[in-house]
Amino acid sequence: MNILIELFSYDFFVNAFLASLLAAISCGIIGTYIVSRRIVFISGGITHASFGGIGMGYYLGINPLVGAGIFSILSGMGIQLFSSKGKVREDSSIAIWWSLGMAIGIIFVYLTPGYAPNLMSYLFGSILTVSSGELWLMLALAVVIILFFTFFYRTILYISFDEDFAKTSDLPVNLFNYLLMILISLTIVLNIRVVGIILILSLLTIPQATANVLTREFGRMMVYSVGFAFLASFIGLLISYFADIPSGATIIFTQVILFGLVKLIKTLF
Amino acid sequence: MKKLLEIKDLSAGYDGNIVLDNVSMEVFSGDFIGVIGPNGGGKTTLIKAILGLIKPISGELNLHISKTNIGYLPQVNQIDKRFPISVIDVVRSGKADSALFSSFRKNTSEKEKAESLLAEMGISSIRNKAIGELSGGQMQRVFLCRALMNNPELLVLDEPSTYVDNNFEGELYLKLKELNEQMAIILISHDVGTISFFVKTIACVNRNLHYHPSNIITEEQLTSYNCPLQIITHGNIPHTVLKLHDEHEHHEHTH
């Protein structure tokens, strides 16, 4: 216990703790939407496309996360546009944006003179080096997501469950699809620092799978997902600190173990 | 009789392929129209056009009632059965036009309406179940409740028999006959033998549309409508028996 109290006297640890809490809120809620609506693959495409923005950020000397934000929103819109208006199969459209973003990122990182600092932390995450500026952004995002999903809970639920039926009810389906796509993009970008591009999909899917073992109700699944995401992130954070192993990977590993445990307990009892 | 909708020389389809060609039709209050035709003949396309889910390529479609006054029951394969949603929420989604900002309203009348529909269908006990836990028959009733939430003037059902394994549920059709006293019904089915007992008129859809102003249809008429159909008869359920027309059966797969 004492050692925990001692840990919380370090700024970097408090920041990491807050980052895991805020990441759990945004990823828990947005992830439930993603999983329920079966758009995990789209989210994977957006995540990887954002690497293009990171590379461009390095090249232009701006914050790579700003570049990542622009790229992920553009790719989210692009995927929807390609498949709805361009008559490209949706999965092909995702693959195009996914690989295009990665390619642009690699080219720009290569063209950037000298050494690209922290490149690995964008790929694999580095929760222990999250800055307080990034925390404020994560807090703002968490607040926006909570408000949006509270205000429009039923609209989002109905559109996600049966888009055609929602259209016949005159709900603003396209507007919500785009707004939610923007929220997905922002969630991905702001959580890149926590677990990294390679692993972020797990925060959006594993806690939800764990929650889904216990409930089949959209709202409850969101709340449980936030809980499981936070629990596993915090435990993973502690393990990574004491065992001195990479935090992002440890957090994901803990998520999977937690899923396995809950599934096992549910099966046995 | 009130005219609910009017379709004039409508052509519709997907990606430039015309599935419905120059179709005309009118629907009045009190109608109970059975829409029959082979797979891929355009039955669902017709419904999607009526519901505004696809834009017509040419021609006119005039709704004389509000879009939200059409109740709609989709085919079972349109539904994601693993979606985390409870029965009561599915039914309440039928009144989705009140969903915006509903978080901070009481929505008492909407909840009561949903509960009373569940009670009417005899499925109040499953109100909190997830839809993935339901039998086909239960699910069919849940989605019928959803379609009725807005007290529609027109009820559109796309192959309701796909929900149940044995292809037929007499109870549903009796319920529809009862509902028809309050609303017009368009019922899509590939099973002409069964529905012809319940519907008042028949529309054959196979790229074109032939409206048949009675519920008795003969093999010769089907042939002249270019509506190749396999006619299925069922054991102990009332139905209009039609002669099998073997020579046309193979068309069902080629159209």
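Trainee: Which elements does chain A run through from the N terminus on?

Mentor: Keep in mind that we're looking at a predicted model. From the N terminus on, chain A runs α-α-α-α-α-α-α-α-α-α-α-α-α. In other words, chain A has 13 helices and zero strands.

Trainee: Okay, and how compact is chain A?

Mentor: Chain A has a radius of gyration of 19 Å, close to the 18 Å that the globule rule gives for 269 residues, so chain A is as compact as a globular protein of that length. Its C-alpha atoms fill a box of roughly 60 × 60 × 30 Å along the principal axes. As for burial, 51% of the 269 residues of chain A count as buried.

Trainee: Can we zoom in on one residue? Why does Ile252(A) count as buried or exposed?

Mentor: Here you count neighbours, and the cut-off for buried is 20 or more other C-beta atoms within 10 Å. Ile252(A) has 24 C-beta neighbours inside 10 Å, so it counts as buried. You'll find Ile252(A) in helix H13 of chain A, residues 247–268.

Trainee: Which residues does Ile252(A) touch, leaving out those up to four places away in sequence?

Mentor: Those are Val195(A), Leu199(A) and Ser202(A). Look at Leu201(A) too: it is 51 residues from Ile252(A) along the chain, and their C-alpha atoms are separated by 9.8 Å. Across chain A, among contacts between residues at least 6 apart in sequence, 73% join residues at least 24 apart.

Trainee: Now the interface. How many residues does the contact take from chain A and from chain B?

Mentor: People often give the size of an interface as the accessible area lost when the parts come together. Here we'll go by residues: 24 from chain A and 27 from chain B. On the chain A side, helices H7, H8, H9 and H12 each supply at least two residues. The largest share, six residues, comes from H8(A). By class, that side has 10 nonpolar, six polar and eight charged residues.

Trainee: And chain B: in what order do the strands of its open sheet come?

Mentor: Strands of a sheet pair through backbone hydrogen bonds, either parallel or antiparallel. In chain B, the three strands have the order E2-E1-E4, with antiparallel pairing. The edge strands are E2 (17–28) and E4 (58–63), each pairing on one side only. The twist averages 20° from one strand to the next.

Trainee: What packs on that sheet?

Mentor: Helix H1 of chain B, residues 43–51, does, touching E1, E2 and E4 of chain B. The direction of H1(B) makes about 120° with that of E1(B).

Notes
Residues are numbered from 1 along each chain as its sequence is written. Chains are lettered from A and ligands numbered from 1 in the order in which they are written. This is a predicted model: local features need pLDDT of at least 70, side-chain atom pairs count only at pLDDT 80 or more; totals for chains, interfaces and linings use all residues. Helices (H or I, at least four residues) and strands (E, at least two) are DSSP runs, numbered from the N terminus. The radius of gyration is taken over C-alpha atoms; the globule rule is 2.2 Å times the number of residues to the power 0.38. A residue is buried if 20 or more other C-beta atoms lie within 10 Å of its own, exposed if 12 or fewer, and partly exposed in between; C-beta atoms are placed from the backbone. Two residues are in contact if their C-beta atoms, placed from the backbone, lie within 7 Å. Ala, Val, Leu, Ile, Met, Phe, Trp, Tyr, Cys and Pro count as nonpolar, Asp, Glu, Lys and Arg as charged, and the others, Gly among them, as polar. Two strands pair if DSSP finds at least two bridges between them. Axes are lines fitted to C-alpha atoms, for helices over the stretch in contact, and angles run from 0 to 180 degrees between N-to-C directions.
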